[in-house]
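Me: I would like to go through this chain with you, one question at a time. Keep the replies short, please.

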Amino acid sequence: MPVLKKIALTVTSAAFLSGFVLTPAMAADEDKSDDKQPKPPGVMSSLGGERLSMSGSQVNLGPGAPVLPKGLTGRSWIVADAENGDVLAAHNSHWRLPPASTLKMLFADTVLPALQPTQTHKVTESELAGVGEGSSLVGIKEDHTYTVHDLWLGVFLRSGNDAVHVLSEMYGGIPQTVAAMQKHAEELQALDTVVVSPDGYDAPRQVSSAYDLTLIARSGLQKKDFREYAATASADFPGEKKKGKKRDSFEIQNTNRLITGDIGVDPYKGIAGVKNGYTTHAGNTFTGVAERNGKVLLVTVMNPSAEESHAVYKEAAKLLDWGFAASGKVTPVGELVPPKSVDTGTGTSTGGKGAAPAAGADQGTGGQAEAAHASAASKGSSGVGVALAIIGGLLVVVAAAVFLVNRRWPLAGLGGRSAPETKDTGEAADPREGAEPTASVGESAGKPADKA
């Protein structure tokens, strides 16, 4: 797959500059009248480029490039090339915000390699005791046995905090899992991220950023099993085992509406994941990856203020459409940096103000190189962007397969059986603590239909 080369932009006059650089005021249709919305901090990290430390929308439009979509309300968002790491446009991308279940991408990227998918585990009562009130659940029952594969389906498709807690216990416990996630975040240079809970449930000091979530997704997508789980539209999940009867199963659907669709949201052509989220404090969050005509893009949107149903998906789809149309016609405003351990041939991959680990992060751990990252590194590159050989070779196949699956098995036929009733009522039990309730695909378009 071809990799875009960096374009050097030399500014020779103010007139030339105005033709290629949009100011934040020009770049998007931002609502200037809404002064009640929180404002980004005055100083943000410049990791990945100085422009990424600036507030507002950042984009360098070249000849023939489309303007950014109108009506974007996300507090923070980013559009990037998944292969070479070019950031095509960004808006407050280093703003540290609650991540909700998009943090599960970091959980999966950290824990997936440690557990074999065929491994089985009998769930105990204590493993489910720490699941936050009102959490999204896949419906795991104590004293029932599940495979690791089952549990990952529960994490990726239903954003099940119960599945996260069981997998965390299998990994060594919640504290060990959180520490490993923080260490891995630092290895990926996701330095805006502070991990407190492995499932993304609202917790004091727990934050990430659009930039970090995109880095994390890019890392996860280098793992074959991560890609496959993230791209799965529906699956059968083990149900309750009743004495003397064969164990039932029930169908679960991916709560990523750009994969499965919903009222007012069409499946996005070429979508291949990654993860959506919702909590009281985070609002709606989403990171997605899609492929068109050999180009693979990543987009992250955090906490849109629009009250319309599924705003986070609609804004993500708009940004993906823009990114595919603008690719090759814009000068990048920054880059997705490679992991610390990747040798880019430059001697350094960090720098800029605000690039230190987030407050509260364990700064004493550096993380270990993963084989996937090492094999993807191009030692002769400039360090401006590391081509992801694994994504380049395989993600396009996944994306195309998802689209073909959607064509072969129409979405209307995915409704089928519903999950058995669980403690999750679909409403936040305590809005002060945050919640991630699930909702059915047929829910009214006037209400938030996905809170996973």
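Me: Where is the place of D192?
Reply: This is a predicted model. The helices on either side of D192 are α7 and α8 (210-220). The place of D192 is in the loop between them.

Me: Is D192 buried or exposed?
Reply: Buried means under 20% relative accessible area. D192 has 3% relative accessibility. So D192 counts as buried.

Me: How far apart in space are D192 and Q206, C-alpha to C-alpha?
Reply: In sequence, D192 and Q206 are 14 residues apart. In space, C-alpha to C-alpha, the distance is 10.0 Å.

Me: What share of the residues in the chain is buried?
Reply: The chain has 13 helices and 13 strands. It holds 452 residues. Of these, the buried residues make up 57%.

Me: What share of contacts between residues at least 6 apart in sequence joins residues at least 24 apart?
Reply: Contacts here are counted between residues at least 6 apart in the chain. The share that joins residues at least 24 apart is 72%.

Me: How many residues of α5 are buried?
Reply: Helix α5 spans residues 148-158. Its buried residues include V148, D150, L151 and R158. The helix is largely enclosed by the rest of the structure, because the buried count is 10 of the 11 residues.

Me: Which residue follows α5, and what is its phi?
Reply: The phi there is positive. The residue is S159, with phi near 55°.

Me: Is the pair of F107 and W152 stacked, tilted or edge-to-face?
Reply: The ring centres of F107 and W152 are 5.4 Å apart. Planes under 30 degrees apart count as stacked and over 60 as edge-to-face. The planes of F107 and W152 are at 45°, so the pair is tilted.

Me: Which helices does the pair of F107 and W152 link?
Reply: The two residues are 45 residues apart, in distant parts of the chain. Both count as buried, F107 at 0% relative accessibility and W152 at 1%. F107 is in α3 (residues 104-111) and W152 is in α5.

Me: Is the pair of F156 and Y229 stacked or tilted?
Reply: The centres of the F156 and Y229 rings are 5.6 Å apart. The cut-off for stacked is under 30 degrees between planes. The F156 and Y229 planes are at 20°, so the pair is stacked.

Me: How many residues apart are F156 and Y229?
Reply: F156 is in α5, and Y229 is in α9 (residues 224-231). F156 is buried at 3% relative accessible area, and Y229 counts as buried at 7%. The pair links distant parts of the chain, 73 residues apart.

Me: Which residues form one aromatic cluster?
Reply: The count of aromatic pairs comes to 7. One cluster takes in both rings of the tilted pair and both rings of the stacked pair. With F226 added, its members are F107, W152, F156, F226 and Y229.

Me: Which residue lies over the face of Y146?
Reply: The distance from the ring centre of Y146 is 4.8 Å. The residue over that face is R247.

Me: Is α6 roughly parallel or roughly perpendicular to α7?
Reply: Helix α6 (residues 161-171) and helix α7 (residues 174-187) have axes that come within 7 Å. The residues of α6 that meet α7 include H165 and Y171, and those on the α7 side include I174 and A180. The axes cross at roughly 90°. That makes α6 and α7 roughly perpendicular.

Key
Residues numbered from 1 in each chain as written. Predicted model: local features only at pLDDT ≥ 70, side-chain atom pairs only at ≥ 80, totals over all residues. Heavy atoms only, no water. Helix = DSSP H or I, 4+ residues; strand = E, 2+ residues; numbered from the N terminus. Buried < 20%, exposed > 50% of the residue type's maximum accessible area, 1.4 Å probe, protein only. Contact = heavy atoms within 4.5 Å. Phe/Tyr/Trp six-rings, centres within 6.5 Å; stacked < 30°, edge-to-face > 60°. Lys NZ or Arg CZ within 6 Å of the ring centre and 35° of its normal. Axes fitted to C-alpha atoms, helices over the stretch in contact; angles between N-to-C directions. Parallel < 35°, antiparallel > 145°, perpendicular 65-115°, else oblique.
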